[in-house]
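Work through these exercises with the model open beside you. Try each task before you read its solution.

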Amino acid sequence: VTRALQGTLAIPDFQRFKQGVKEIFEQVREKELGGSVAKYIPQLASVDPNLFAVSFCSIDGQRFNLGDADVDFSIQSCSKPITYSIALEEQGAAKVHSHVGKEPSGQSFNHMSLLVKRKLPHNPMINAGAIMTSSLIQVGMPLYKRFGKVTEIWSELFGGKKVGFNNSVYLSEKDTADRNYALAYMMKEAGAFPENTNLYESLEFYFQCCSLEASTDKMAILAATYANGGICPITNTHVFDPSTVRNCISLMASCGMYDYSGEWNFQVGLPAKSGVGGAIWVVVPNVGGFCCYSPPVDELGNSTKGLEFFKMLSERYAFHMM
Ligand code: DON
């Protein structure tokens with residue numbers, strides 16, 4: 001309210017901004033951009049490919065929703081920055097990064113490779129790195145407590161709204177997770193995990209975090225919390241320290257879009273994270289957060305409509321940070 005009265009809102013003419021974004025949304029909706037819904041997790045194959053939504057929340061808590069913004073979708077890899085942030089808060093950056101690197105892998109999200117110098121996963125934004133950060137949360141606690149803690153934090157990031165969990169997605173992911181098991185064994189063989197890590201529990205926990213569900217409406221609030229240095233703009237709750245946010249969005253910028261991260265930085269220039277469910281969430285530091293959802297993804301696992309939407313957004317508005 002103070003900022004509104006002082007005329008210092010991050011987006012002074014919010015209605016005009018909404019109208020501009022809506023025009024882009026409508027243009028992208030009409031485009032035939034290819035891609036197909038992810039099928040390697042069987043339960044994701046049955047999602048309606050025509051769903052399309054964009055939500056935005058500013059750091060002042062001003063919001064708008066376009067399209068199917070209240071439909072819950074599978075969060076998948078969009079959970080990776082949150083898992084990494086929680087690990088940072090609990091263990092500190094030095095400890096976390098003694099188990100996971102900060103380098104783009106230059107490979108697909110589930111590629112079987114480790115850093116050359118130290119045998120660690122490349123970064124927390126790919127499967128191997130997220131399995132690793134999952135092993136660093138609520139260490140020594142039973143799985144129900146670890147999962148409970150994580151969902152509590154998600155709810156804070158959503159301004160008090162609840163995060164969903166899709167049990168069939170979880171069971172279907174677990175049933176078809178040979179690659180993730182292989183990644184975990186590769187890291188175990190390299191001695192990358194913290195001592196006493198229970199490999200199966202870390203994988204279970206990772207599958208559960210990928211099987212969380214939310215709408216773009218909620219994910220935009222989460223993105224805005226990162227844009228606002230870790231304080232939720234809806235509730236003013238301090239969720240993460242500014243240093244956690246800084247570390248996390250740095251790695252989202254360099255590694256958040258898998259082997260498209262360089263091209264993304266070139267064209268869009270904003271910290272982002274995509275998931276094979278079809279969502280991409282994007283942080284515009286000190287301005288706000290976006291989430292776009294459209295299930296068809298390209299061969300790298302990024303939503304085709306999502307890529308186009310953010311490319312056009314960055315062409316129209318001066319958000320590019322690089
Ligand atoms: O582990 C997996 O393969 C999925 N649960 C997550 C992959 C994902 O979302 C990568 N996305 N682009």
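The exercises below cover the sheets, the helices, the ligand shell and some single residues.

This is a predicted model, in which local features need pLDDT of at least 70, side-chain atom pairs count only at pLDDT 80 or more, and totals for chains, interfaces and linings use all residues. Residues are numbered from 1 along each chain as its sequence is written.

**Exercise 1. Lay out the sheet of 5 strands and find its edges.**

Step 1. Helices (H or I, at least four residues) and strands (E, at least two) are DSSP runs, numbered from the N terminus. Two strands pair if DSSP finds at least two bridges between them.

Step 2. Read off the order. The sheet is open and runs E2-E1-E8-E7-E6, with antiparallel pairing.

Step 3. Find the edges. Strand E2 (63-67) and strand E6 (272-274) each have a single partner strand, so one side of each is left without a neighbour in the sheet.

Step 4. Add the twist. Neighbouring strands are turned by 10° against each other on average, direction ignored. Axes are lines fitted to C-alpha atoms, for helices over the stretch in contact, and angles run from 0 to 180 degrees between N-to-C directions.

Step 5. Check one pair. Strand E1 (residues 53-58) is joined to E2 by 5 bridges. Within this pair, Cys57 stands opposite Arg63.

**Exercise 2. Follow strand E7 through its neighbours and its burial.**

Step 1. Start with E6. Antiparallel E6 and E7 are joined by 3 bridges. Ala272 has Val282 as its bridge partner in E7. The hairpin of E6 and E7 has 4 residues between the strands, and Gly278 there takes a positive phi near 110°.

Step 2. Move on to E8. E7 and E8 pair antiparallel over 6 bridges. Here Val282 stands opposite Phe290. This hairpin has 3 residues between its strands, and Asn286 in the turn has a positive phi of about 65°.

Step 3. Test burial. A residue is buried if 20 or more other C-beta atoms lie within 10 Å of its own, exposed if 12 or fewer, and partly exposed in between, with C-beta atoms placed from the backbone. By this test 6 of the 6 residues of E7 are buried, so the strand is largely enclosed by the rest of the structure.

Step 4. Sort the faces. In a regular strand the side chains alternate between the two faces of the sheet. Ala279, Trp281 and Val283 point one way from E7, while Ile280, Val282 and Val284 point the other way.

**Exercise 3. Describe how helix H3 packs against helix H11.**

Step 1. Set the geometry. H3 (residues 80-91) and H11 (residues 242-255) pack at an angle of about 145°, with their axes 10 Å apart.

Step 2. List the contact. Two residues are in contact if their C-beta atoms, placed from the backbone, lie within 7 Å. H3 gives Pro81, Tyr84, Ser85, Leu88 and Glu89, and H11 gives Thr244, Asn247, Cys248 and Met252.

Step 3. Class the residues. Ala, Val, Leu, Ile, Met, Phe, Trp, Tyr, Cys and Pro count as nonpolar, Asp, Glu, Lys and Arg as charged, and the others, Gly among them, as polar. The contact has 5 nonpolar, 3 polar and 1 charged residues.

**Exercise 4. Which residues surround the ligand, and how do they divide by class?**

Step 1. Apply the cut-off. A residue is near a molecule or strand if its C-beta atom, placed from the backbone, lies within 6 Å of it.

Step 2. List the shell. The ligand is surrounded by Gln76, Ser77, Phe109, Asn110, Asn127, Glu173, Asn180, Cys210, Ser274, Gly275, Val276 and Gly301.

Step 3. Class them. The shell divides into 3 nonpolar, 8 polar and 1 charged.

**Exercise 5. Compare Gln76 and Asn236: is each buried or exposed?**

Step 1. Place them. Gln76 lies in the loop between E3 and H3. Asn236 lies in the loop between H10 and H11.

Step 2. Check the backbone. Most residues other than glycine have a negative phi. Gln76 has a positive phi near 50°, and Asn236 has a positive phi near 65°.

Step 3. Count neighbours. Gln76 has 27 C-beta neighbours inside 10 Å, so it counts as buried. Asn236 has 10, so it counts as exposed.
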